[in-house]
Amino acid sequence: MRTLLRVACAVAAFALPCGGAAAQTHLPEGATIATDAKPLRVFTPPRNPGSTGFSAVDRLAIENLIRVYSLAYDNGQADAWLGLFTDDAVFVAGMPGGPAVAFSGEGFRAFWRERMKGFAASGNVRRHLMSNIVFIDQSDAAAHVSVVGLLANTSDGRTFSVVSSLNYEGWLVKGADGWKIARWHDFPDAPVGQ
């Protein structure tokens, strides 16, 4: 039960309560502990990052998708946000010092719809300021990206605070209707809370 409590607290930013009630909380449907995932801190590009051997149109589409990820989430548009992911996408979320949790399937979708509803009811307004989009690898049908950003919050229309710096890593695939996220790692640099 202690392990479950640590997991619940580690993903508290993703709507699981910490404290007494957490001892009774189980991982959400569709969620598992992701022992193979960790924040991207260093990488060795497979080729020269200054190479011009890529589709600029695809790269712009991927960058736009990442920006829409932020805008849709910040505005509580769950269907638009979830529409950015493939049907079989895996979303991994982890907090510093805690285990990572992987979500997939309908459990992933149900969990994040509820998360967005709860956040909207809290009165907080979050803004993801995405920057430093780096293409680790890109082909005609797949891309691997790292995204660094900043998460800000207002709670009363006047008070502004920085919540955390963000560390995202994504694997995207290109289908008939364009680019979608197949796997996304969300590892903020500090706990983000509710």
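In this predicted model, seven strands make up an open sheet of mixed pairing, and their order across it is β1-β3-β2-β7-β6-β5-β4. The edges of the sheet are held by β1 (31-33) and β4 (125-138); each has a single partner strand, so one side of each is left without a neighbour in the sheet. Direction ignored, neighbouring strands are turned by 25° against each other on average.

Helix α2 (residues 56-74) packs on this sheet. The strands touched by α2 are β2, β4, β5 (142-154), β6 (160-175) and β7 (178-186). The direction of the helix makes about 155° with that of the edge strand β4.

**Strand pairs**

Three of the pairings in the sheet are listed below with their sense and bridge counts.

| Pair | Sense | Bridges |
|---|---|---|
| β2 and β3 | antiparallel | five bridges |
| β4 and β5 | antiparallel | 12 bridges |
| β5 and β6 | antiparallel | 13 bridges |

In the pair of β2 (residues 85-94) and β3 (residues 100-104), Ala 93 has Val 101 of β3 as its bridge partner.

The strands β4 and β5 form a hairpin, with three residues between them. Within this pair, Val 134 is matched by Ser 146 of β5 as bridge partner. Ser 146 also stands opposite Glu 169 in β6. The position of Ser 146 can thus be followed across the sheet, with Val 134 as its bridge partner and Glu 169 opposite it in β6.

A hairpin is formed by β5 and β6 as well, here with five residues between the strands. In this hairpin Gly 157 takes a positive phi near 80°.

As a general point on strands, side chains in a regular strand alternate between the two faces of the sheet.

**The chain as a whole**

The secondary structure comes to four helices and seven strands. Read from the N terminus, the elements follow the order α-β-α-α-β-β-α-β-β-β-β. The run of elements thus ends with four strands, while the order across the sheet places β7 between β2 and β6.

The protein has 194 residues, and 43% of them count as buried. Among contacts with a separation of 6 or more, 60% are accounted for by residues 24 or more positions apart. The accessible surface comes to about 9900 Å², and carbon and sulfur atoms hold 56% of this area.

Notes. Residues are numbered from 1 along each chain as its sequence is written. This is a predicted model: local features need pLDDT of at least 70, side-chain atom pairs count only at pLDDT 80 or more; totals for chains, interfaces and linings use all residues. Side-chain values use heavy atoms; hydrogens and water are left out. Two strands pair if DSSP finds at least two bridges between them. Helices (H or I, at least four residues) and strands (E, at least two) are DSSP runs, numbered from the N terminus. Axes are lines fitted to C-alpha atoms, for helices over the stretch in contact, and angles run from 0 to 180 degrees between N-to-C directions. Contact means heavy atoms within 4.5 Å. Buried means under 20% relative accessible area, exposed over 50%, partly exposed in between (1.4 Å probe, protein chains only). Accessible areas come from the Shrake-Rupley method with a 1.4 Å probe; for residues, only the protein chains shown count as cover.
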